[in-house]
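Student: I would like a close look at a single part of this model, the strand pairing and what surrounds it. Could you take me through that part in one connected account?

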Amino acid sequence: MRRKTDRVICGTCQYWTGQRVPCFDKNGVPKVDIIDYFGQCENINSRFVDEKRKNDNSCKYHSKWTELL
């Protein structure tokens, strides 16, 4: 599933362990291909730490994945 890099979801968070790949669309806009539907949250500040999270969930402790910067 291809998503915009500015979305505040687990699939674009630094602390989400699911598989994803940074890429560009046909116009050269940066995107992310999220491969896994579920991944584990590793953010110690989040109440969801060590829990399985869907790639489109969100939380207030989102930190943009550094490969997307």
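Tutor: In this predicted model, strand E2, residues 20-24, and strand E3, residues 30-34, run antiparallel and are joined by five bridges. Within that pairing, Arg20 of the one strand stands opposite Ile34 in E3. Five residues lie between the two strands of this hairpin, and among them Gly28 takes a positive phi near 85°.

E3 also pairs with E1, again in the antiparallel sense, here over three bridges, and in this pairing Asp33 of E3 is the bridge partner of Arg2. Taken together, the three strands form an open sheet in the order E1-E3-E2, with antiparallel pairing. Its edge strands are E1, residues 2-4, and E2, each of which pairs on one side only. On average, and with direction ignored, neighbouring strands of this sheet are turned by 35° against each other.

From the sheet one can turn to the nonpolar side chains. Val32 and Ile34 belong to the largest nonpolar core, which has eight residues and also includes Ile9, Cys10, Cys13, Trp16, Trp65 and Leu68. As a general background, nonpolar side chains tend to be buried together in soluble globular proteins. Of the core members, Ile9 is in contact with Ile34, and, still leaving aside neighbours within four places in sequence, with Arg3, Asn55, Asp56, Asn57, Ser58 and His62.

Asn55 deserves a separate look, and its place is in the segment after strand E5, residues 52-54. With a relative accessible area of 1%, Asn55 is counted as buried because that value is under 20%. Not counting residues up to four places away in sequence, Asn55 touches Ile9, Cys10, Trp16 and Ile34, together with Met1, Gly11, Asp36 and Tyr37.

Ile34 is likewise touched from the loop between E1 and E2, where Gln19 lies. Beyond its neighbours within four places in sequence, Gln19 is in contact with Ile34, Ile35 and Asp36. At 45% relative accessibility, Gln19 counts as partly exposed. The C-alpha atoms of Gln19 and Gly39 are 7.8 Å apart in space, although 20 residues separate the two in sequence.

A contrasting case is Glu42, in the loop between strand E4, residues 38-40, and E5. Glu42 has a relative accessible area of 47% and is therefore partly exposed. Its C-alpha atom is separated by 29 Å from that of Asp25, a residue 17 places away along the chain. Apart from residues up to four places away in sequence, Glu42 touches Tyr15, Thr17 and Val49.

The cysteines remain to be considered. A disulfide is a covalent bond between the sulfur atoms of two cysteines, and with the cut-off set at 2.5 Å between the sulfurs, the count comes to zero disulfides. For Cys41, the closest cysteine sulfur is that of Cys59, at 5.9 Å, so the pair is too far apart for a bond. The relation holds from the other side as well, since the sulfur closest to that of Cys59 is the one in Cys41. As to their surroundings, Cys41 counts as buried at 9% relative accessibility, whereas Cys59, with a relative accessible area of 22%, is partly exposed.

Conventions. Residues are numbered from 1 along each chain as its sequence is written. This is a predicted model: local features need pLDDT of at least 70, side-chain atom pairs count only at pLDDT 80 or more; totals for chains, interfaces and linings use all residues. Side-chain values use heavy atoms; hydrogens and water are left out. Two strands pair if DSSP finds at least two bridges between them. Helices (H or I, at least four residues) and strands (E, at least two) are DSSP runs, numbered from the N terminus. Axes are lines fitted to C-alpha atoms, for helices over the stretch in contact, and angles run from 0 to 180 degrees between N-to-C directions. Buried means under 20% relative accessible area, exposed over 50%, partly exposed in between (1.4 Å probe, protein chains only). A nonpolar core is a set of buried Ala, Val, Leu, Ile, Met, Phe, Trp, Tyr and Cys residues joined through side-chain atoms within 4.5 Å. Contact means heavy atoms within 4.5 Å.
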